[in-house]
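These are my notebook entries on one structure. I wrote down what I looked up, in the order in which I looked.

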Amino acid sequence: MKLDVNGRQYEVDVPTDMPLLWVLRDVIGLTGTKFGCGMMQCGACTVHVDGAAMRSCVTPASALVGKKITTIEGLSADANHAVQRAWIETDVVQCGYCQSGQVMAAAALLAQKPKPTDADIDAAMSGNLCRCGTYQRIRAAVHRASDLLVADNSEEGGHVA
Amino acid sequence: MLREYFHKATNSTSRREFLKSTALVSGGLVVAFCWPGALRRAIAQQGMGAAMTSPNAFVHIAADNTVTILLKHSEMGQGVWTSLPMVLAEELDCDWTNVRAEHAPAAPAYAHTAFGMQMTGGSTSTWESFEQLRNAGAMARALLIQAAAAKWNKPAADCRSENGFVICGEQKISYGQVADAAAKLPAPSDVKLKDAKDFRLIGKPTRRLDSAAKVSGKAEFGIDVKRPDMLIAVVARAPVFGATLKSFDAAKAKALPGVVDVVQVPSGVAVLAKHFWAAKQGRDALVLDWDLGAGASLSTQTMRADYRKLAQTPGAVAKTAGDVDAAFKGAKLIEAEYEVPFLAHAPMEPLNCTVEIGKDGADIYTGTQFQTMDQRTAATILGLKPEQVRVHTTFLGGGFGRRATPTSDFVAEAVHVAKASGRTVKVVWTREDDIHGGYYRPMWVSRLRASLGKDGKPAAWAHTIVGQSIIAGTPFEPMMVKNGVDDTSVEGAADAPYLAAVPAHRVDLHSPKSPIPVLWWRSVGHSHTGFVVESFVDELAHAAKKDPLEYRRALLPADSRERRALDLAAAKFGWGKPLPKGHAAGLAVHQSFGSYVAQIAEVSVDAKNKAIKVHRVVCAIDCGPVVNPLTVEAQMQSGIAYGLSAALHGEITFKDGKVQQNNFNDYPVLRLNEMPKVEVHIVPSTDKMGGVGEPGVPPIAPAVANAVFAASGQRLRQLPLRIA
């Protein structure tokens, strides 16, 4: 089957029931997407499919043929997505294992709701577990990323004008 | 108490290091030093380590001025990747933006200065290496100055350092330009360390050095390791602790596409495949016949009943003063029994280990807290010398103690799989394997009794603790189990700060055995004693009709560090001031790992839905001198979140020998929507430096339980807290 990951086409020969997570990690070699539970409980495996957050640990890769898959490696060229910059500024990470999923979940939220409330953040991010308990800084960083995105967009707008 | 042990070990040796320098093949300056013979002999006698004679390299300065600091401690979230380089860079006087960190290899010279083996644990990393890293930085700086002075033909005394340069009058040269020459110089016998008032890095909020890698998927964890021709293995382990495998049929597993091999190892049967998915499908297709043995009758319900019975009888005495029994005669007793369950650590990164056996030795790639133990265990299994086993420490996706097993369980198993299959292999655990896999925080029952004097203060206090020993049966036993008392079982209880003011007191211990493997879980014994002691003191305050804050203040010495933390937390919280309707506050203060932490929780109780909501936590810590305030804040938030998972959710139970929980659906942990607003305040302190990785955990459960009592009148004496 053919998969579109981060804008690149990959031809993979895997069982039809094989979850995208393991195709990414063990076949294609993109290990930024993490395994935490294997049953949609922790969000460490979050990727974007056509721009929306999706748990790759339970979704068969075969169901994603023809769709655009974005992983943490494809979110930005140089860790410069507003969410990544906000995460670095806010000193969010600890062990860091869940953070690929956290960043992808936050990026998907902000793409949908550029100015999320705390309740929006609760609703969008409570499926992403962090055992280090970085939640408070995650919340602050999502708000910060929202501000950075607004600034980015107005800059881009300026270029267009 | 663990800390007291550490300090004894440190103080028994000379603190003066022998300094020497050596050049790495890559060129540049490497500062190296090793510890003197006294510690080496002490460790040899205690059977803890080989001679610590190899050079201990901590810093490498490249021609391009990049300063690479080698960490003997593992980065598992606690921030050593940043805080330890800060300590060395402070004395080196280099440009912080040029500083990088790397995990050191496993080598005797990277041994913990108090524990004598390479390890990360006990919230010790910063204080145990503070002086060592400062010396390494200062020595490198002295050598760089000497090299520049020689180049200029000037006395070293006329030269100074500044942010990565050596300067003499008008002349200025970067560290990178003199690093090679500096490496060839003999090391100074002694170096002068900075005065604390001149620190420019230590004490300043400093952002992490590992953020960019961790927000872009580039950071390499053990589970991400890829070696040539590597297979992935998933292991079928005993369904009950102590079970033995009678026979197995691998035909179905071997027939699956992607499955390459199936091998038996001491812990079970491993299925090796081209990728995890095939290995797991293969594991699930195995037909296994186990002899369950005596473990099959294990149940936590029965254990609990047994523990409660034991708690009624005197145990091995850990601490005693006065005549408790006489004091109790005829007195009105306040009695309470507390229980906490087995807990899994459940780090986000499931356990894993990659093993590559070569002609001249073996390579182990894993996120571990216990390099020395892992190295030796692997060497024993493979018939190699320890130095032939190269341990490559990756980032750890959480540790919390689970990656510090005295048996090196997950490393040993992977070595067995590689040995039996003759393949390079990465063994990956599923989340279910992790939850079922043992090495839990022990289940504990505590029975407390106290009588009060006329002033309301406790006149006599008896505390009987029942729970499995973590240390018994490990190489640490000779040092840490004395007269039948495992220090880690009673830490925080036998040295409770209130006991000094109680004329008659006794703390004793029963250490029943079971087939369930137990292990240190973030804050170890304090994870139960903090809850028990701080809940009971709250009960005594209530019985004495005193305010919980004032009651504690009256029992604690005025100049105690507990008091300082408590007073700061109370002031910042606004203790006693009105709270929103339905909210109530509870507090706790607890010393662990050399740091004193007070926490005040603001909660509300939804009686109808039997739900506890923690709205806000104010935390004050006295950890002595602070290296990175951002780390201290992060670790307090982290400890509170970890402790809340246990206070509100965590419980491992057994029925018919089997663990009843499986994954995050039935072993829930704290989620973002449950995270309270946490405020962290640091007590300005020049007292002895303590740790920060664990001390944030113990006070949160009692603070919340005490707040629940204040809110609802329900005194909850079991974790997880459940509203009746």
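**Entry 1: one residue in chain B**

I began with a single residue and asked whether B:Asp567 is buried, exposed or partly exposed. I found 19 C-beta neighbours inside 10 Å, so B:Asp567 counts as partly exposed. A buried residue would need 20 or more. I note here that the model is a predicted one.

Next I looked up where this residue sits. B:Asp567 belongs to helix α18 of chain B, which covers residues 561–573. I also checked its distance to B:Ala620. The two are 53 residues apart in sequence, and their C-alpha atoms are 8.6 Å apart in space.

**Entry 2: a sheet in chain B**

I then turned to a sheet in chain B. How many strands form it, and in what order? I counted 4 strands in an open sheet, ordered β25-β26-β27-β30, with mixed pairing. Which strands stand at the edges? They are β25 (583–592) and β30 (677–682) of chain B. Each has a single partner strand, so one side of each is left without a neighbour in the sheet. I looked up the turn between neighbouring strands of this sheet as well: on average it is 20°, with direction ignored.

I followed one pair in detail. β25(B) runs antiparallel to strand β26 of chain B (residues 595–606), and 10 bridges join them. For a position to find by eye, I noted that B:Ala588 stands opposite B:Gln599 in β26(B).

**Entry 3: chain B as a whole**

I stepped back to the full chain. Chain B contains 20 helices and 30 strands. Its C-alpha trace spans about 85 × 70 × 50 Å along the principal axes. I wanted to know how the radius of gyration of chain B compares with that of a compact globule. For 724 residues a compact globule would have a value near 27 Å, and chain B has 27 Å, so the two agree.

Of the 724 residues in chain B, 59% are buried. I also looked at how far apart in sequence the contacting residues are. Among contacts in chain B with a separation of 6 or more, 77% join residues 24 or more positions apart.

**Entry 4: domains of chain B**

How is chain B divided? Domain 1 is 2–210, domain 2 is 222–293 + 351–428, and domain 3 is 301–342 + 440–712. I note that domain 2 and domain 3 are each written as two stretches.

I looked at the contact between domain 1 and domain 3 of chain B. It takes 24 residues from domain 1 and 26 residues from domain 3. On the domain 1 side, the elements giving two or more residues are α1 (2–11), α3 (80–92) and α4 (125–152) of chain B. The most come from α3(B), with 4 residues. I sorted the residues of that side by type and got 9 nonpolar, 13 polar and 2 charged.

**Entry 5: chain A**

I gave chain A the same treatment. It has 5 helices and 5 strands, and from the N terminus on they run β-β-α-β-β-β-α-α-α-α. The radius of gyration of chain A is 16 Å, close to the 15 Å from the globule rule for 161 residues, so chain A is as compact as a globular protein of that length. Its C-alpha atoms fill a box of roughly 45 × 40 × 25 Å along the principal axes. I found 58% of its 161 residues buried. Of the contacts in chain A with a separation of 6 or more, 64% are between residues 24 or more positions apart.

Chain A is divided into domain 1 (2–74) and domain 2 (82–160). Their C-alpha centres lie 21 Å apart. The contact between them takes 15 residues from domain 1 and 12 residues from domain 2. On the domain 1 side, β3 (46–49) and β4 (52–55) of chain A give two or more residues, and β3(A) gives the most, with 3 residues. That side divides into 7 nonpolar, 7 polar and 1 charged.

**Entry 6: where the chains meet**

Last, I looked up how many residues of each chain are in contact with the other. I found 43 residues of chain A in contact with 49 residues of chain B. Which elements of chain A give two or more residues to this side? They are α1 (20–28), α2 (82–89), α3 (99–112), α4 (118–125) and α5 (135–160) of chain A. By type, the chain A side has 24 nonpolar, 14 polar and 5 charged residues.

Conventions. Residues are numbered from 1 along each chain as its sequence is written. Chains are lettered from A and ligands numbered from 1 in the order in which they are written. This is a predicted model: local features need pLDDT of at least 70, side-chain atom pairs count only at pLDDT 80 or more; totals for chains, interfaces and linings use all residues. The radius of gyration is taken over C-alpha atoms; the globule rule is 2.2 Å times the number of residues to the power 0.38. A residue is buried if 20 or more other C-beta atoms lie within 10 Å of its own, exposed if 12 or fewer, and partly exposed in between; C-beta atoms are placed from the backbone. Two residues are in contact if their C-beta atoms, placed from the backbone, lie within 7 Å. Domain bounds come from an automatic or database domain assignment. Ala, Val, Leu, Ile, Met, Phe, Trp, Tyr, Cys and Pro count as nonpolar, Asp, Glu, Lys and Arg as charged, and the others, Gly among them, as polar. Two strands pair if DSSP finds at least two bridges between them. Axes are lines fitted to C-alpha atoms, for helices over the stretch in contact, and angles run from 0 to 180 degrees between N-to-C directions.
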